[in-house]
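Please walk through this model with attention to its aromatic rings and its enclosed space.

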Amino acid sequence: MTNPQFIEEKPLSLVDVKEVLKGIEKRDEELGYLSNKAKEYLDTFITLSDEKKRELHRKLVGLNLTRLKEEHIAKITDFLPTKVNDLKIVLQAYPLSLPKKDQDGIVNAVKSIIET
């Protein structure tokens, strides 16, 4: 039996997963059952384009928040919170506390991406 080794571990947003599935579909020409179910879900609920996702990522990184990690940015990209309370709900699973000013900056960055 083989022992797989992790080479790299990084969080992916659902937009990234959608792009990975597109690549797999081109390579294999047909997805398996679970992959098809995941693709259906992503096609139904993910409306953010890859370009807008990258722009949002740049804006969030540009805020220079030392406590905000890649996994937090991925979750913010998945849920796109447009209110501070929504942001708190998205990030409540993480031991993270952000000042009100930082929370407002994140929400404003998300709103600017959604409105364009």
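Why does Tyr41 count as partly exposed? Tyr41 has a relative accessibility of 44%, and partly exposed covers the range between under 20%, which is buried, and over 50%, which is exposed. Tyr41 therefore falls in the middle class. The model is a predicted one.

Tyr41 has a ring partner. The structure holds 1 aromatic pair, made up of Tyr41 and Phe45. A pair of aromatic rings is described by the distance of the centres and the angle of the planes. For Tyr41 and Phe45, the centres are 4.8 Å apart and the planes meet at 45°. The pair is tilted, because that class takes the angles left between stacked, under 30 degrees, and edge-to-face, over 60. Both residues belong to helix α2, which spans residues 33-45. Tyr41 and Phe45 are 4 residues apart there, about one turn of the helix. Phe45 has a relative accessibility of 54%, so Phe45 counts as exposed.

Helix α2 also takes part in the enclosed space. The structure holds 1 cavity of 30 Å³ or more, and the largest cavity contains about 50 Å³ of space. Its lining consists of Lys18, Leu21, Lys22, Glu25, Lys39, Leu42 and Asp43. Two or more lining residues come from each of α1 (14-28) and α2. The largest contribution is that of α1, with 4 residues.

What kinds of residue make up the lining of the largest cavity? The lining has 5 charged residues, 2 nonpolar ones and no polar ones.

Terms used. Residues numbered from 1 in each chain as written. Predicted model: local features only at pLDDT ≥ 70, side-chain atom pairs only at ≥ 80, totals over all residues. Heavy atoms only, no water. Phe/Tyr/Trp six-rings, centres within 6.5 Å; stacked < 30°, edge-to-face > 60°. Buried < 20%, exposed > 50% of the residue type's maximum accessible area, 1.4 Å probe, protein only. 1 Å grid on protein atoms, 1.4 Å probe; cavity = no way out; pocket = protein on both sides within 12 Å on 5 of 7 lines; lining within 4 Å. Points joined across faces, edges and corners; volume = space filled by probe spheres on them. Nonpolar A, V, L, I, M, F, W, Y, C, P; charged D, E, K, R; others polar.
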